[in-house]
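Trainee: Could we walk through this one together, taking one question at a time?
Mentor: Gladly; let's start with the picture.

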Amino acid sequence: QPQPTERLRPIPRGAKPRAMDFEVDGLSCRRSGRIVLRNVAFTLAAGEAAVLRGPNGVGKSTLLRMLAGFLPVAAGDARLGSISRVTDRQGFQDQIVYAGHLDAVKPALTVSENLRLWAALHGAATGAVDMALDRFGLSAIADRPAAECSAGQKRRLGLARLLVIDRPLWLLDEPTVSLDTASAGLVAELVQAHLAGGGLALVATHIDLGLAAAKEIALTPAADIPTETRDPFLEGTW
């Protein structure tokens with residue numbers, strides 16, 4: 001039977017700038033009627049990274065998911081160059097790659113098929129898949145069904161997608177979970193290489209990734225923010 005990627009046509013994408021500035025301007029997010037983030041603001045120049053800090057539940061994952069387009073913006077905006085998260089959500093999403101808590105791998109597909117599916121969806125060069133498999137130490141298990149992989153192998157497979165498509169902004173939510181020390185070091189090396197090429201990275205992590213020049217964005221608890229009863233997401237208006 002044909003492989004999954006043979007039945008897909010790549011989604012055409014326009015040329016993407018390799019170096020862009022990133023600005024977050026007064027972003028707020030409301031979930032279930034409660035404001036969980038308010039007036040988050042910072043800027044990153046091309047080649048810079050920022051690490052999100054704060055206790056569990058403060059909104060680090062919420063901020064990343066909002067920037068990725070999975071949650072609505074209650075107020076404010078974010079811009080990559082001239083591309084607005086609010087007025088051009090699709091254009092903004094075309095400039096980012098997101099790695100969340102879940103590895104988002106298809107268990108019935110092999111390790112290689114997972115990456116080739118991802119490459120086909122985003123119109124990436126097939127050579128990028130082989131490079132990603134090699135860089136993340138997955139070549140030896142390329143034909144193994146993802147369902148048979150360990151938690152660490154699945155995590156590496158999920159992160160390998162960072163190298164398959166070329167996007168300026170990496171949004172990483174606890175990227176080293178389930179990884180051994182060597183693999184965690186590899187993630188840090190890849191982030192550094194991405195920054196050296198003019199890329200951007202926003203990372204939520206509780207460990208030191210060795211990003212010495214990274215900015216720290218401290219998020220504060222929203223306990224004192226008044227609850228609002230109206231939620232456009234729950235009402236289906238978003």
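Trainee: Which residue of strand 8 stands opposite L169?
Mentor: First, a note on what we have: this is a predicted model, in which local features need pLDDT of at least 70 and side-chain atom pairs count only at pLDDT 80 or more, while totals for chains, interfaces and linings use all residues. Residues are numbered from 1 along each chain as its sequence is written, and side-chain values use heavy atoms, with hydrogens and water left out. Strand 7 and strand 8 pair in the parallel sense over five bridges (two strands pair if DSSP finds at least two bridges between them). Opposite L169, in strand 8, stands L200.

Trainee: What is the order of the strands in the open sheet with parallel pairing?
Mentor: Helices (H or I, at least four residues) and strands (E, at least two) are DSSP runs, numbered from the N terminus. The parallel sheet is open and has five strands. Its edge strands, each pairing on one side only, are strand 6 and strand 9 (215-218). Read across the sheet, the order is 6-7-8-3-9.

Trainee: And what is the order in the antiparallel sheet?
Mentor: That open sheet has four strands. Strand 2 and strand 5 (83-84) are at its edges, each pairing on one side only. Strand 4 and strand 5 are joined by two bridges, with L80 opposite I83 in strand 5. The order is 2-1-4-5.

Trainee: How many bridges pair strand 1 with strand 2?
Mentor: These strands form a hairpin with two residues between them, and S32 in the turn has a positive phi of about 55°. V24 has its bridge partner, F42, in strand 2. Their pairing is antiparallel, and the number of bridges is seven.

Trainee: How many of the nine residues of helix 1 are buried?
Mentor: Buried means under 20% relative accessible area, exposed means over 50%, and partly exposed is in between (1.4 Å probe, protein chains only). Helix 1 packs on the antiparallel sheet, touching strand 1, strand 2 and strand 4. Its buried residues include L63, L64, M66 and L67. Helix 1 spans residues 60-68 and is mostly covered, with the buried count at seven.

Trainee: What is the relative accessible area of L37?
Mentor: L37 is found in strand 2. Leaving aside neighbours within four places in sequence, its contacts (heavy atoms within 4.5 Å) include T62, L63 and M66. L37 is buried, with a relative accessible area of 3%.

Trainee: Which element gives the largest share of the largest nonpolar core?
Mentor: A nonpolar core is a set of buried Ala, Val, Leu, Ile, Met, Phe, Trp, Tyr and Cys residues joined through side-chain atoms within 4.5 Å. This core has 38 residues, of which L115, F136, L138, W170 and V191 touch the most other members. Elements giving two or more residues to it include helix 3 (111-121), strand 7 (169-173) and helix 6 (181-196). The largest share, five residues, comes from helix 6.

Trainee: How many residues are in the other core, the one with M20 and C29?
Mentor: In soluble globular proteins, nonpolar side chains tend to be buried together. The other core lies apart from the largest one, and L44 and L63 are also among its members. Its residue count is 31.

Trainee: Why does the pair of F22 and F42 count as stacked or edge-to-face?
Mentor: Rings of Phe, Tyr and Trp (its six-membered ring) pair if their centres lie within 6.5 Å; planes under 30 degrees apart count as stacked, over 60 as edge-to-face and the rest as tilted. By this rule there are two aromatic pairs. The ring centres of F22 and F42 are 5.9 Å apart and the planes are at 80°, so this pair is edge-to-face.

Trainee: How far apart in sequence are the parts tied together by F70 and Y98?
Mentor: Their ring centres are 5.3 Å apart with planes at 80°, so this pair is edge-to-face. F70 lies in the loop between helix 1 and strand 4 (75-80) and Y98 in strand 6, so the pair ties together parts separated in sequence by 28 residues.

Trainee: Which residue has its ring under the charged end of R161?
Mentor: A charge sits over a ring if NZ of Lys or CZ of Arg is within 6 Å of the ring centre and within 35 degrees of the ring normal. Here the charged end is 4.8 Å from the ring centre. The ring belongs to W118.

Terms used. Axes fitted to C-alpha atoms, helices over the stretch in contact; angles between N-to-C directions.
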